[in-house]
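Colleague: I should like to learn how to read a structural model feature by feature. Would you take me through one?

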Amino acid sequence: MIVVTTPTGRIGSRLVRRLLDQGCALRLVARDASRLDQEVSEQVELVEGSHEDPAVLDKALPGADALFWLVPPNPAAPSTMEHYLSFARAGAAAVARHGVSHLVGVSSAGHGWTSPAGVLSAAFAMDVQLAASGAAYRALALPFYMENLLGQLDAIRRHGAFSLTCAGDQPLATIATCDIAQAAAGLLTDLSWAGQAELPLFGPDRLTPDGMAEVISEELETPVVYRRVTVDEYAATLRSRGAGDRMVRDLVETFAAQDGGIYDADWATATITATDFRTWCREVLKPAVHATFSS
């Protein structure tokens with residue numbers, strides 16, 4: 001039995017489909033089971049609730065051989081660190097309580113980074129808690145998600161631009177969520193591994209944001225440019241949208257670490273995944289941009 005948290009998210013939903021295609025027995029922990037496709041619901045066991053709740057985990061984990069763990073974002077959380085640790089403490093205790101042998105978690109590249117890194121530091125702290133559960137643990141150490149650009153569809157479509165805080169001429173490590181799901185599925189279905197370790201997963205490109213803009217332009221057949229914004233400009237945008245000081249600080253630290261090269265050391269040892277940025281633009285970004293025209 002494999003237990004999957006966040007089964008309706010971008011990674012979790014892809015993972016569930018892969019595991020079902022392989023004939024795996026699944027138990028899903030979903031905050032809102034109504035968001036699951038009926039076809040999926042009919043093939044799995046469901047436990048409704050948050051995996052931050054020990055009572056929910058006590059329903060989900062009996063008899064489980066492996067657990068997929070992802071902390072859902074919560075912009076309203078007073079502290080990203082405490083948000084991650086609250087989930088991780090509950091998860092580690094439940095894994096130990098129920099003797100789950102293998103655990104796969106979604107984390108960040110850059111383990112060993114010593115400066116504050118906001119959300120990424122919270123992910124590293126989560127890993128420490130989960131590794132102490134007694135289960136064999138693999139932390140999927142991930143760089144910038146290509147899917148993060150889907151949050152800028154309107155700017156790409158209307159203004160021919162996307163923005164980040166990093167330098168346009170410096171390579172940015174990226175990964176597609178379909179490749180994260182594939183790697184997680186491989187670990188969850190072959191439990192021959194042991195011990196605790198980070199597993200860096202990087203896409204095959206070493207594109208700069210300027211280079212990404214060129215690829216987007218070619219695939220969309222319309223000019224798209226990269227516009228760098230300062231961390232202060234980014235913080236001001238967050239505050240204008242109602243973000244509190246703690247959330248702003250966490251996100252500013254995250255992007256400052258990214259801009260400072262937190263992912264770079266893992267390039268030397270990362271497992272290189274299949275989906276390059278051009279393929280992702282063709283298969284994911286382009287259809288999403290076209291869908292905004294018809295909506």
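The dialogue below goes from the overall fold to single residues.

Modeller: Please keep in mind throughout that this is a predicted model.

Colleague: Let us begin with the whole chain. How many helices and strands are there in the protein?

Modeller: The protein contains 11 helices and 12 strands. Its radius of gyration is 19 Å, close to the 19 Å that the globule rule gives for 295 residues, so the protein is as compact as a globular protein of that length. Along the principal axes, the C-alpha atoms fill a box of roughly 55 × 40 × 40 Å.

Colleague: What share of the 295 residues is buried, and what supplies the exposed surface?

Modeller: Buried residues amount to 53% of the 295. The protein exposes about 13100 Å², of which carbon and sulfur atoms supply 49%. As for contacts with a separation of 6 or more, 77% of them are between residues 24 or more positions apart.

Colleague: Next, the sheet. In what order do its strands lie, and is the pairing parallel or antiparallel?

Modeller: A general point comes before the case. In a regular strand the side chains alternate between the two faces of the sheet. Here, 8 strands form an open sheet in the order 3-2-1-4-5-6-10-12, and their pairing is parallel. Strand 3 (45–48) and strand 12 (271–272) are the edges; each has a single partner strand, so one side of each lacks a neighbour in the sheet.

Colleague: Which residues could I inspect to follow the pairing?

Modeller: Start at one edge, where strand 2 (residues 26–30) runs parallel to strand 3 and is joined to it by 4 bridges. Leu 28 stands opposite Leu 46 of strand 3. Further along, 5 bridges connect strand 6 (residues 136–142) with strand 10 (residues 196–202), again in parallel, and Leu 140 has Leu 199 as its bridge partner in strand 10. At the other edge, strand 10 and strand 12 run parallel with 2 bridges between them; there Phe 202 is opposite Ile 272.

Colleague: Strand 2 also holds an arginine, Arg 27. Is Arg 27 buried or exposed?

Modeller: Arg 27 has 10% relative accessibility and therefore counts as buried. A polar atom of its side chain lies 2.6 Å from the backbone oxygen of Ala 60. Beyond its neighbours within four places in sequence, Arg 27 is in contact with residues including Met 1, Val 3, Glu 45, Val 47 and Lys 59.

Colleague: What surrounds Leu 57?

Modeller: Leu 57 belongs to helix 3 (residues 54–60), and its relative accessibility of 0% makes it buried. Residues up to four places away aside, it touches His 51, Pro 62, Trp 69, Ala 90, Gly 91, Ala 94 and His 98. For a sense of scale, the C-alpha atoms of Leu 57 and Arg 228 are 43 Å apart in space, and these two residues are 171 apart in sequence.

Colleague: And which contacts does Thr 177 make?

Modeller: Thr 177 lies in helix 7 (residues 177–189) and is buried, at 2% relative accessibility. Leaving aside residues within four places in sequence, its contacts are Arg 10, Ile 11, Arg 14, Tyr 145 and Glu 147.

Colleague: How many disulfides does a search of the whole structure find?

Modeller: The general idea is simple. A disulfide is a covalent bond between the sulfur atoms of two cysteines. In this model the search finds 0 disulfides. Cys 24 is in none, for the nearest cysteine sulfur, in Cys 178, is 18 Å away. Cys 24 is buried, with a relative accessible area of 19%.

Colleague: Why is Cys 281 not bonded to Cys 178?

Modeller: Cys 178 has the closest cysteine sulfur to that of Cys 281, but the two are 12 Å apart, which is too far for a bond. Cys 281 is buried as well, at 1% relative accessibility.

Colleague: Lastly, how should I read backbone angles?

Modeller: Most residues other than glycine have a negative phi. Thr 6 has a positive phi, near 45°. Thr 6 sits in the loop between strand 1 (2–5) and helix 1 (10–21), and is buried with a relative accessible area of 15%.

Colleague: Where does Glu 221 lie, and is Glu 221 buried or exposed?

Modeller: Glu 221 is in the loop between helix 8 (209–220) and strand 11 (225–228). Phi of Glu 221 is positive, near 55°, and the residue counts as exposed at 69% relative accessibility.

Notes:
Residues numbered from 1 in each chain as written. Predicted model: local features only at pLDDT ≥ 70, side-chain atom pairs only at ≥ 80, totals over all residues. Heavy atoms only, no water. Pairing = 2+ DSSP bridges. Disulfide = S-S within 2.5 Å. Buried < 20%, exposed > 50% of the residue type's maximum accessible area, 1.4 Å probe, protein only. Rg over C-alpha atoms; globule rule 2.2 N^0.38 Å. Contact = heavy atoms within 4.5 Å. Areas by Shrake-Rupley, 256 points an atom, 1.4 Å probe, with all protein chains shown as cover. Polar contact = N/O pair within 3.5 Å; in protein donor to acceptor, adjacent residues only side chain to side chain.
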